[in-house]
Amino acid sequence: MADSSFDIVSKVDHQEAENALNQARKEIEQRYDFKGTGASVEWSGDSILIKASTEERANAVLDVFQSKLIKRGISLKSLESGEPFASGKEYRITSTIKDGISSENAKKISKIIRDEGPKGVKSQIQGDELRVQSKSRDDLQEVQRLLKAADLEVDLQFINYR
């Protein structure tokens, strides 16, 4: 019998992120506490730029955007936000959406599987994803439970379960 396998990836649906950004933009335009403050959220290349007149308002705009991401099923582990910084008369926050598993995190995940996972489970780093193989499907499910319980700084999805 051939080995069973699955892939571990960290991908974000960019259309859902775009929808969350548009919903946040609409809410900011309509909310009374943001009227006349110059608060906005928009794409700036691959990153998201949040602008507001004060540091507190910039954080409030970020909070609105985060709530929209959660409603759309995107984990906040995928959003990397900087601290508010002054730029002229306004405050800005630059955020990026992380896609893929970095080699450092892939090594951590691989080490967790090797140290704490069932014997006979092999993990292999393939670019920005990991392939996990085993003869037993039960062992693969045990690895999935182990990784879901682990406190990692990346949002993981399990795909290509064969």
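**Getting to know the model**

Biologist: How much area does the chain expose, and what share of it do carbon and sulfur atoms supply?
Modeller: The chain exposes about 9300 Å² (Shrake-Rupley method, 1.4 Å probe; for residues, only the protein chains shown count as cover). This is a predicted model: local features need pLDDT of at least 70, side-chain atom pairs count only at pLDDT 80 or more, and totals for chains, interfaces and linings use all residues. Residues are numbered from 1 along each chain as its sequence is written, and side-chain values use heavy atoms, leaving out hydrogens and water. As for the share of the exposed area from carbon and sulfur atoms, it is 46%.

Biologist: What radius of gyration does the chain have, next to a compact globule of 162 residues?
Modeller: The C-alpha trace spans about 65 × 25 × 25 Å along its principal axes. A compact globule with 162 residues would come out near 15 Å (radius over C-alpha atoms; the rule is 2.2 Å times the number of residues to the power 0.38). For the chain itself, the radius of gyration is 20 Å.

Biologist: Which pattern does the chain follow along the sequence?
Modeller: The secondary structure comes to 4 helices and 9 strands (DSSP runs numbered from the N terminus: helices are H or I with at least four residues, strands E with at least two). Reading along the sequence gives the pattern β-α-β-β-α-β-β-β-α-β-β-α-β.

Biologist: What percentage of contacts between residues at least 6 apart in sequence join residues at least 24 apart?
Modeller: A contact here has heavy atoms within 4.5 Å. Among contacts in the chain between residues at least 6 apart, the share joining residues at least 24 apart is 61%.

Biologist: Which residue pairs with Phe6 in an edge-to-face aromatic pair?
Modeller: The structure holds 2 aromatic pairs (ring centres of Phe, Tyr or the six-membered ring of Trp within 6.5 Å; planes under 30 degrees apart are stacked, over 60 edge-to-face, the rest tilted). In the pair with Phe6, the centres are 5.5 Å apart and the planes stand at 85°. That pair links distant parts of the chain, from strand 1 (residues 4-9) to strand 9 (residues 157-159), 152 residues apart. The partner of Phe6 is Phe158.

Biologist: Is Phe6 buried or exposed?
Modeller: Its partner Phe158 is partly exposed at 23% relative accessibility (buried is under 20%, exposed over 50%, partly exposed in between, with a 1.4 Å probe and protein chains only). Phe6 has a relative accessible area of 0%, so it counts as buried.

Biologist: Which residue forms a salt bridge with Lys108?
Modeller: A search of the whole structure finds 14 salt bridges (a side-chain nitrogen of Lys or Arg within 4 Å of a carboxyl oxygen of Asp or Glu). Lys108 is partly exposed at 37%, and its closest N and O atoms with the partner are 4.0 Å apart. The two residues are 4 apart in helix 3 (residues 103-116), so about one helical turn separates them. The partner, exposed at 52%, is Glu104.

Biologist: Which residue meets Glu142 in a salt bridge?
Modeller: Here the N to O distance is 3.1 Å. Both residues lie in helix 4 (residues 137-149), 3 residues apart, about one turn of the helix. Glu142 is partly exposed at 36%, and its partner, also partly exposed at 48%, is Arg145.

Biologist: Which residues do salt bridges that share partners join into one network?
Modeller: One of the bridges links Asp33 to Arg31, with the closest N and O atoms 2.9 Å apart. Asp33 is partly exposed at 37%, and Arg31 is partly exposed at 29%. The network joins Glu27, Arg31, Asp33 and Lys68.
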